[in-house]
Amino acid sequence: YSIDDNEKALSSLEIIVPRDLADGFINNKRENYKFKFQKIFDQEAKQDVVFDNIAKPVAECVLAGYNGTIFAYGQTGSGKTFTITGGAERYNDRGIIPRTLSYIFDQLQKDSSKVYTTHVSYLEIYNECGYDLLDPRHEASRLEDLPKVTIMEDPDQNIHLKNLSLQQATNEEEALNLLFLGDTNRMIAETPMNQASTRSHCIFTIHISSKEPGSATIRRSKLHLVDLAGSERVAKTGVGGHLLTEAKYINLSLHYLEQVIIALAEKNRSHIPYRNSMMTSVLRDSLGGNCMTTMIATLSIDKRNIDESISTCRFAQRVALIKNEAVLNEEIDPRLMIVQLQKEIQELKDELALVTGKERTSELSQEELLQLDELIEKFLEDNDPDSTLDVGADMRKIKYCFVHVKQLMNHSKISDKKLLSQHTSEEKDTNKEAGEEELKKLKELLQQRDNEINILVNMLKKEKKKTQDVFFHLNAGSAVLEKSPSISLEESQSPSSCSSLKEAKDFSSSVHRLPFLPRQTGGKMSLGSQEAFEVFKREHADNITIEDNKQLLKQRFAEAKCLGEKLNEVRNKINHLKGEITQRHIQRAALAVSSPYEELNMLDPVEEKLRTQIEEEKKSYKAMFNRLKGLKVEIEHLQHLMAKVQIKLQKDFEVWWSEEAINLQV
């Protein structure tokens, strides 16, 4: 093959297939194939060059408000996933998706003239079923456990994806974490053509909405980054069983994609078979609608794959015949439109005041009202049938005149006086009733305070008696041991002073606790009932349960934090092992050049060991994750128990408090 890369014109790719020697037979097989493309990248092309030429122009259009799509097409093992997603071992091997995310968020930070909002979604189509790879509510161990995405179509033939979640990403780190989460759930299997073949179509979509401050226009755009599964000939690969079923669905969906491409390329075609497969339905706008679409054709230039490479080039040229009409996606924000209309109304009022020389307000002034009353009175007293009421071209004055005339017709001056006197008497009665009701409330409040004081006095007497008994026993014991009559005499003469000192300390400590009580009891108690609640709580049996639950909850939080750190370490180790497997594949591919049949057929013990380590780490990850889920349930249960015990404590105190008040009244 040879590449003619002309910067001014289109680049051309020429593939020469020599004719096989035919013993005595005529061989008219074509041996020269030439295709033209907008850009051709050879095998040594770097990822940053591919991004600058393919993805960067599309990303700039998406930032400007247009829809964009980039999808890779080719046979299995030709490098589609490497181009779209990238390699895992080196930072420079990043693909189009991470580089596009980095470029978009870098541009958003630089542009401070607009307010941007970004969301991402990740859809996988496996065996003609859609799955949401970013669903936060499901912790899926298998692909079938993920929520299924279904297609809904509105009357305007717009496609909506049910159960596909949109995750907000405010910066590049959050978007890359969502990409990593989705990639871990993708379907990957080993086939004779590719040791890590993606067995599903994946569509990573970036949704961007922008709005200038103060503007009522919102721009919404989306960028589809599509990694198609590789086409493969079942007869050549020799797969069977589950892999064969996957290959059937992959080839069928790519066949329907080709049917849509052929139908779109024909000018007089009335029906486009979008509904034949889920992938063509999802990419309806990208293939033949409001979108700027770029296709990447990946080729495997090898003698065994030359037929598939030529077929891919032909398909790409059919795609190039399609013409899309991308339009700017703008819509009006109704809230900002209301503000603009109000501003416009005010400007019109100012212009009207400038023309008439009078500034009009929403209501008439007192002088204007008096003038209108005089005009109406003269008009009604005038017996001339041809008399008119001229108030000018002012709708406010006209409306006021109609209302005033209507009031004069309905009510006489005498009825107005009666109504005024009746209103005054009703107001006096209302004030009297309100005063009596207020007096009744104050009496009830006073009675409640008396009850609280009596209950607190009884509690204080009990505490004082307990303190005197304790001091009495202490004084007796010290008198026996020390044989000191002077000290015992002083203690026997001043038990009341000691007890009063103790009560003063208790009271002062309780006063210091008062500011925190309303937060514990809901802030609805008076000061007296709060002090009684503190004493009641110390002597209640459930207080020990609350303290034990607090300590246990603290231990569970610490254990959950430790488990979270271990989970991050295991995940990083799995990624490192995957990178080592990829590096091992590259080494084996390099060795296969010298001895292809021996190296490819031998099992690699190092790779088997790495895969075994990955499985062990996954099991460890799953066990720790299940333990973390269990801890979460236990923490929530403990919090629920503590809230329940506190509510019970509050209710018990209310019952005790009401019983004490009743006893005092009796």
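Mentor: A crossing counts as right-handed if the near helix is turned clockwise from the far one by less than a right angle, and as left-handed if it is turned anticlockwise. Keep that in mind for this model, which is predicted.

Trainee: Which hand does the crossing of helix 1 and helix 3 have?

Mentor: The crossing of helix 1 and helix 3 is right-handed.

Trainee: Why is helix 1 called oblique to helix 3?

Mentor: Helix 1 (residues 47-64) and helix 3 (residues 96-110) have axes that cross at roughly 50° and come within 10 Å. Roughly parallel needs an angle under 35 degrees, and roughly perpendicular needs 65 to 115. The angle fits neither class, so helix 1 and helix 3 are oblique to each other.

Trainee: Which residues make that contact?

Mentor: Helix 1 contributes Gln47, Asp48, Val50, Phe51, Ile54, Ala55, Lys56, Ala59, Glu60 and Leu63, while helix 3 contributes Ile96, Arg99, Thr100, Tyr103, Ile104, Gln107 and Leu108. Sorted by class, the contact of helix 1 with helix 3 has 10 nonpolar, three polar and four charged residues.

Trainee: What makes the pair of helix 6 and helix 9 oblique?

Mentor: Helix 9 covers residues 306-320, and its axis lies 8 Å from that of helix 6 at an angle of about 45°. Again the roughly parallel class stops at 35 degrees and the roughly perpendicular one starts at 65. Helix 6 and helix 9 are therefore oblique to each other. Their crossing is left-handed.

Trainee: Which residues meet there?

Mentor: From helix 6 come Leu257, Glu258, Ile261, Ile262 and Ala265, and from helix 9 come Phe315, Arg318 and Val319. This contact of helix 6 with helix 9 has six nonpolar, no polar and two charged residues.

Trainee: Why is helix 18 called roughly antiparallel to helix 20?

Mentor: The angle between helix 18 (residues 542-592) and helix 20 (residues 605-665) is about 160°, and their axes are 8 Å apart. Angles over 145 count as roughly antiparallel, so helix 18 is roughly antiparallel to helix 20. The crossing of this pair, helix 18 and helix 20, is left-handed. Their contact divides into 24 nonpolar, six polar and 18 charged residues.

Trainee: How many cavities of 30 Å³ or more are there?

Mentor: The count is two cavities of 30 Å³ or more. The largest cavity holds about 50 Å³ of space.

Trainee: Which residues line the largest cavity?

Mentor: Its lining consists of Ile125, Tyr126, Asn127, Glu128, Arg199, Ser200, His201, Tyr249, Ile250 and Ser253. Strand 5 (115-126) and helix 6 (242-265) are the elements that give two or more residues to this lining. Helix 6 supplies the largest share, three residues.

Trainee: How many residues of each class are in the lining of the largest cavity?

Mentor: The lining of the largest cavity has four nonpolar, four polar and two charged residues. Tyr126 and Tyr249 belong to this lining, and Tyr counts as nonpolar.

Conventions. Residues numbered from 1 in each chain as written. Predicted model: local features only at pLDDT ≥ 70, side-chain atom pairs only at ≥ 80, totals over all residues. Heavy atoms only, no water. Axes fitted to C-alpha atoms, helices over the stretch in contact; angles between N-to-C directions. Helix = DSSP H or I, 4+ residues; strand = E, 2+ residues; numbered from the N terminus. Contact = heavy atoms within 4.5 Å. 1 Å grid on protein atoms, 1.4 Å probe; cavity = no way out; pocket = protein on both sides within 12 Å on 5 of 7 lines; lining within 4 Å. Points joined across faces, edges and corners; volume = space filled by probe spheres on them.
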